[in-house]
Amino acid sequence: MSLTAIPSQVDPGTLAAELGEARARTLLLIAPLSDPDLHAQHDPLMSPILWDLGHIAHFEELWLTRNLDGPIEFVEMPGLYNPFEHSRSARASLALPGLDECRQIMDQIRGRVLARLATIDLDPAHPLLRDGYVYRMVLQHEYQHNETILQTLQLKRGEPYTPTVRYEVPRPDRHRGPAPGAMVRFPGGVLEIGTDDRSEAYDNERSRHPVELPPFWIDINPVTNGEFAEFIAAGGYREPAHWSQSGWEWVSKAGITTPKHWEEVDGAWLSRSMDRTGPVEPLHPVCHVSYYEAEAFARFAGKRLPTEIEWEAAASWDPEPGTKRTFPWGEQPASKDLANIDQLTFGTAPVGSFSRNVSPIGCYGMIGDVWEWTTSPLSPYPGFESFPYPEYSELFFGPEYKILRGGSWATRPGAIRNTFRNWDYPFRRQIFSGFRCARND
Ligand SMILES: [Fe+2]
C-alpha cells in the first residue's frame, strides 16, 4: 500500500504563510471589481461577493479562535454570514458592510488568528489540532469560496470580468495523445476507495475501505467540445431517447439547446469564459453542462457515465502492485505545472496538454480543467463519522445530489485530491462541470 499523503510541514509558520497566501488570492480575484459589482447579486444561485468575503472571515473566526479557546461549537457562525439562516437568493437584501469595512473585519479576525497561532500547541490528542487539521479545513474553505466567487464572476451582469493576472494555457500545435472518445480498460478486482487521512481530508472521504469492482472501460480524456458539438448537430437535444425521464423534463422545460455560455453565430459555435469570447475550441473539455446533458451524451455515444467508485478507481488505483495514489500522477502535491488548476488560466486547456497528469491505468486530466459528473448520489462510506460538524456533509446525504470529482481550472490545488467528493443538483451548470464516459466490459 502506498502512504497517504501527509502535509510535510504542519508547523505554525507554514500554516501562517498558507493563510496569507490564501487571502492574497482572494483579494487578487476581487481586485478588479467595483463596489456595485461586489454588492450585486449577479445570479439568484450566487451570493453577493461581499457576503462570501464576510462569510470566509466569520468561518475562520469560529474555527480558529472561538473553537480553540472555548467549548467547541459544532455549528455555523450565527448571524449575517450563516448560510443556513439566509438562503443564497435572499443574501442581496442583507445589510452587508461595504468593502472597506469588510476588509477591516477580515484583517481584525486574521490578526487574532495569527496571534493565537503563534503560541499554538498542535496537540496530537486534540481532534481539531492534530496535524494542523482545523487550519487546513479553514484554508480549504477559503479555497472553495474562491471557486464559488469565480462561478459568480462567470455569471456577472454588466461588463464581463477581466482578471488582473492571467496565465495562458498551453496550446499544443496539434492534439497529442489518444483520439477523443478513446477508452482504457480497468481490470476490476478488489481495490480501496476513500482515505483514512485526518490531516486534510473531509469527513465524507473517510474511511478507506475495500470495494470489489467488475472490469469496465473509461474514457482516456474528458469529453471534448468537438464531441459535444457532434451530439448537438445530430439533434441530441431534441431526441428523447437519449435522455432520462427527469433529464427530458428538465431540458424541455428549460428550453436548453447548448451548454451554458455557448451561442451560435453565423453557423459557428462561440463560447465565453469570463471576458473572452471566441470559437468553441474542439479539443477542450466541454464545460458548464448539467448531469442530465452528460447522461444524454453518454447514451448518444453508446456509453454511460461512471460511478464515483469507478472514477476514483481509474484516477487512483494501480492494479498491478495493488496500490493507491493520492493524485493521478502519484504523491507530488497538485500544482499548476501538473494540471490545469489554480484558477489563473481562467479557462480550460486542450485535453492531453499536461503530459504528467495521467493515472496508473492511463486516464488523462482527471484532476483539473472540469469537474466530472458521476452517477453516484452523496452517501456516507462505511464507518462514516460526522466531523467536525454535520453541516459539512451529513446534512446533504441523499439521492437528490450527484457527485462530481476531480476539480476544475477554478479549483485551488489545496482543495483537490483523488478522494475529494463534490456534489450538486443534476440540473446545475453554473459550476465548471464536464464529464468522461464509461462502459461495461
Ligand atoms: Fe462556506
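Which residues of strand 11 (residues 402–405) point one way, and which the other way? In this predicted model, Lys402 and Leu404 are directed to one side of strand 11, whereas Ile403 and Arg405 are directed the other way. All four of these residues are buried.

Strand 11 has pairing partners in strand 10 and strand 12. With strand 10 (residues 371–373), strand 11 pairs in the antiparallel sense over two bridges. Within this pairing, Trp373 has Leu404 of strand 11 as its bridge partner. Strand 12 (residues 422–424) also runs antiparallel to strand 11, and three bridges join the two. Here the bridge partner of Lys402 is Asp424 in strand 12. Lys402 and Leu404, which point one way from strand 11, thus appear in the pairing with strand 12 and with strand 10, respectively.

The iron ion has three protein donors, namely the NE2 atoms of His55, His141 and His145, which lie 2.1 to 2.3 Å from the ion. Along the chain, the donors follow the spacing H-x85-H-x3-H. His55 belongs to helix 3 (residues 49–69) and His145 to helix 5 (residues 133–154), so this pair ties together parts that are 90 residues apart in sequence. Both His55 and His145 are buried.

Helix 3, which carries the donor His55, has 21 residues and reaches 30 Å from its first C-alpha to its last, close to the 30 Å expected at 1.5 Å a residue. A kink of about 30 degrees is nevertheless present in helix 3, centred on Leu62. Of the 21 residues of helix 3, 19 are buried, so the helix is largely enclosed by the rest of the structure.

The loop between helix 3 and helix 4 (99–118) contains Pro97. The relative accessible area of Pro97 is 14%, and this residue is therefore buried. Leaving aside its neighbours within four places in sequence, Pro97 is in contact with His39, Leu50, Leu80, Tyr81, Cys102 and Ile105. The C-alpha atom of Pro97 is separated by 8.6 Å from that of Gly54, although the two residues are 43 residues apart along the chain.

Two open sheets of three strands were examined further. One of them has the strand order 1-4-14, with antiparallel pairing. Strand 1 (183–186) and strand 14 (438–440) stand at its edges with a single partner strand each, so one side of each is left without a neighbour in the sheet. On average, neighbouring strands of this sheet are turned by 25 degrees against each other, direction ignored. Helix 9 (residues 308–316) packs on the sheet and touches strand 1, strand 4 and strand 14, its direction making about 75 degrees with that of strand 4. Four bridges link strand 1 to strand 4 (residues 216–219) in the antiparallel sense. Among the paired residues, Met183 has Asp219 in strand 4 as its bridge partner.

The other sheet is open, and its three strands are arranged in the order 5-6-7 with antiparallel pairing. Its edges are formed by strand 5 (262–265) and strand 7 (276–279); each has a single partner strand, so one side of each is left without a neighbour in the sheet. Neighbouring strands in this case are turned by 30 degrees against each other on average, direction ignored. Strand 6 (residues 268–273) pairs with strand 7 in the antiparallel sense over four bridges, and Leu270 stands opposite Pro279 in strand 7.

Definitions and conventions
Residues numbered from 1 in each chain as written. Predicted model: local features only at pLDDT ≥ 70, side-chain atom pairs only at ≥ 80, totals over all residues. Heavy atoms only, no water. Donors = N, O, S within 2.8 Å, 3.2 Å for Na, K, Ca; no water. Buried < 20%, exposed > 50% of the residue type's maximum accessible area, 1.4 Å probe, protein only. Pairing = 2+ DSSP bridges. Axes fitted to C-alpha atoms, helices over the stretch in contact; angles between N-to-C directions. Contact = heavy atoms within 4.5 Å. Expected span 1.5 Å × (residues − 1). Bend = angle between axes of the 7 residues up to and from the residue.
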